[in-house]
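Here is my note on the model, point by point. Please keep the structure open while reading.

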Amino acid sequence: MKKFNFRKVLDGLTASSPGSGSSSGSNSGGTGSGPLHPGGTAGVLREEIQETLTSEYFQICKTVRHGFPYQPTALAFDPVQKILAIGTRTGAIRILGRPGVDCYCQHESGAAVLQLQFLVNEGALVSAGSDDTLHLWNLRQKRPAILHSLKFNRERITYCHLPFQSKWLYVGTERGNTHIVNIESFILSGYVIMWNKAIELSTKTHPGPVVHLSDSPRDEGKLLIGYENGTVVFWDLKSKRAELRVYYDEAIHSIDWHHEGKQFMCSHSDGSLTLWNLKSPTRPFQTTIPHGKSQREGRKSESCKPILKVEYKTCRNSEPFIIFSGGLSYDKACRRPSLTIMHGKAITVLEMDHPIVEFLTLCETPYPNEFQEPYAVVVLLEKDLIVVDLTQSNFPIFENPYPMDIHESPVTCTAYFADCPPDLILVLYSIGVKHKKQGYSNKEWPISGGAWNLGAQTYPEIIITG
């Protein structure tokens, strides 16, 4: 069997693809150089064989991607189709379903993904980017593609909300205004809720960017708008006026409704949670600083780190779950990032190995006006994805079936195997699912949507890395 010299081909490839120049260049030297053929035969072969392969015959292309998404920024979940989407700082979106379902798509602009919103059970996804552009992705085809895009020129997008089964997407901006986009045509409607109309006319100061938008679970014609400075406005979309306003002297980070639509909870920059009743909006119905040490009588408890996000989820047969990130006291400087789960009088603090980027509570129903019945929490960390089982009192985590943490250190060796038996790949995937380690939840992985097969190629391939 004659040895061909690929040096020119590889030189052409490295010239056309700067990203992989060093490895290809060094390998090409070993392929056609002397040490493999003692006695100088390599030189003879070069003269004997007329090389017909040129760099035009070859192309480097990315066929598959594994490992944890680099610099994650956003998270979304479709509770009906049970698929998860993760956005990143480089404009990538990873869509994950049952073990083996793993899809990757990329914004051409490369702008960071600020927020993701599924059109629940419709095979579509809205992404908001740091370049103030909204995109509507079609997920029904083999490779997800952008159907529509909408660019905001004069205002910066800070928050988006798409109600369940609604055709209106609400978009809050840094200037404090709220715009409404028709999700079908992806065109801005003329309806804008200006910040100076939403807050009281007597208030001269700007309320800051919109940090929260949500429709009332009782009435989709009413919109709750949260501003950074602590102002919350309950806006009637039909009569175009504020039905009530709430003021608090600490900045707001997030808001969540009680499913009955009579109360909502806010998380604040001083580590406090406030519960508000629509019937008495002058002051909070309840104020707590979960991790603050209470001072002497008549004094407020000490302030803590900001609670960056809170979720308030109800159960039919037990106390509601209050789940939040942040809020720890300042006195423990070395404490790790944590997620706190409050259920009745029990407070559980789950310490994480990496900073928390975002979390979402998975609930039995997609309808906001029903008992939520939460069963798991997806926690997106800077370098990991964790799912916590809420149905067991010790809150174990699910064993992650995805090849997320394939390497904690650089890859030093790879081996490629073609034409593998098809059942071998199925067995490898099923091992990760069936093999339960001690201390993990005994339930099935809850992100179970999508379907996968071996694809169109006739010979399944495996790459093993070390």
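1. **Around His161.** Setting aside neighbours within four places in sequence, His161 is in contact with Gln117, Trp168, Leu169, Tyr170, Leu213, Ser214 and Asp215. This is a predicted model, so residue-level features are taken only where pLDDT is at least 70. His161 sits in strand 9, residues 157-161. Its relative accessibility is 14%, so His161 counts as buried.

2. **His161 and Asp215.** One of those contacts deserves a closer look. The side chains of His161 and Asp215 are joined by a polar contact of 2.8 Å. In sequence the two residues are 54 apart. Their C-alpha atoms are 8.5 Å apart in space.

3. **Trp235.** This residue belongs to strand 15, residues 231-236. Trp235 counts as buried because its relative accessibility is 4%. Leaving out neighbours within four places in sequence, its contacts include Tyr191, Ile193, Lys197 and Ala198. Gly221, Lys222, Leu223 and Ile225 are also among them, as are Lys240, Arg241, Ala242 and Glu243. With Tyr191 there is a side-chain polar contact of 3.0 Å. Gly221 is 14 residues from Trp235 in sequence, with 8.5 Å between the C-alpha atoms.

4. **A network beside Trp235.** Asp219, Lys222 and Glu243 are linked in a network of salt bridges. Two of its members, Lys222 and Glu243, also appear among the contacts of Trp235.

5. **Asp389, a charge without a salt bridge.** Which side chain of opposite charge is nearest to Asp389, and how far away is it? It is Lys443, at 4.4 Å. A salt bridge needs a nitrogen and a carboxyl oxygen within 4 Å, so this pair does not qualify. Asp389 is nonetheless buried. It lies in strand 27, residues 385-389.

6. **Polar partners of Asp389.** What does the side chain of Asp389 make polar contacts with? Gln392 is one partner, side chain to side chain at 3.0 Å. Ser441 is another, again through its side chain, at 2.7 Å. Beyond four places in sequence, Asp389 is in contact with Tyr375, Phe395, Pro396, Phe398, Ser441 and Lys443.

7. **Salt bridges overall, and Asp102 with Arg94.** The count comes to nine salt bridges. One of them pairs Asp102 with Arg94, with the closest N and O atoms 2.8 Å apart. Arg94 is buried, because its relative accessible area is 4%. Asp102, at 29% relative accessibility, counts as partly exposed.

8. **Asp132 with Arg156.** These side chains meet in a salt bridge of 3.0 Å, N to O. Asp132 is in the loop between strand 6 and strand 7, and Arg156 is in the loop between strand 8 (145-151) and strand 9, so the pair ties together parts 24 residues apart in sequence. Asp132 is buried, with a relative accessible area of 8%. Arg156 is partly exposed, with 42%.

9. **Arg336 with Asp353.** Here too a salt bridge forms, the closest N and O atoms being 3.0 Å apart. Arg336 lies in the loop between strand 22 (321-326) and strand 23 (338-343), and Asp353 in the loop between strand 24 (346-351) and strand 25 (356-363), so the bridge ties together parts 17 residues apart in sequence. Are the two ends buried or exposed? Arg336 is partly exposed, at 40% relative accessible area. Asp353 counts as exposed, at 57% relative accessibility.

10. **The cavity.** A search of the whole structure finds one cavity of 30 Å³ or more. The largest cavity holds about 50 Å³ of space. Its lining includes His107, Ser109, Ala111, Ala112 and Val113. Also among the lining residues are Ser127, Ala128, Gly129, Asp131, Thr133 and His135. Strand 6 (124-129) and strand 7 (133-138) each supply at least two lining residues. Strand 6 gives the largest share, three residues.

11. **The chain as a whole.** The chain has five helices and 29 strands. Of its 466 residues, 45% count as buried. Among contacts between residues at least 6 apart in sequence, 47% join residues at least 24 apart.

Technical notes:
Residues are numbered from 1 along each chain as its sequence is written. This is a predicted model: local features need pLDDT of at least 70, side-chain atom pairs count only at pLDDT 80 or more; totals for chains, interfaces and linings use all residues. Side-chain values use heavy atoms; hydrogens and water are left out. Helices (H or I, at least four residues) and strands (E, at least two) are DSSP runs, numbered from the N terminus. Buried means under 20% relative accessible area, exposed over 50%, partly exposed in between (1.4 Å probe, protein chains only). Lys and Arg count as positive and Asp and Glu as negative; His and the chain ends are not counted. A polar contact is a pair of N or O atoms within 3.5 Å; within protein, one must be able to donate a hydrogen and the other to accept it, and residues adjacent in sequence count only if both atoms are side-chain atoms. Contact means heavy atoms within 4.5 Å. On a 1 Å grid over the protein atoms alone, a cavity is a set of points where a 1.4 Å probe fits but cannot get out, and a pocket is an open set with protein on both sides within 12 Å along at least five of seven lines; lining residues have an atom within 4 Å of a point. Grid points are joined across faces, edges and corners, and a volume is the space filled by probe spheres set on the points.
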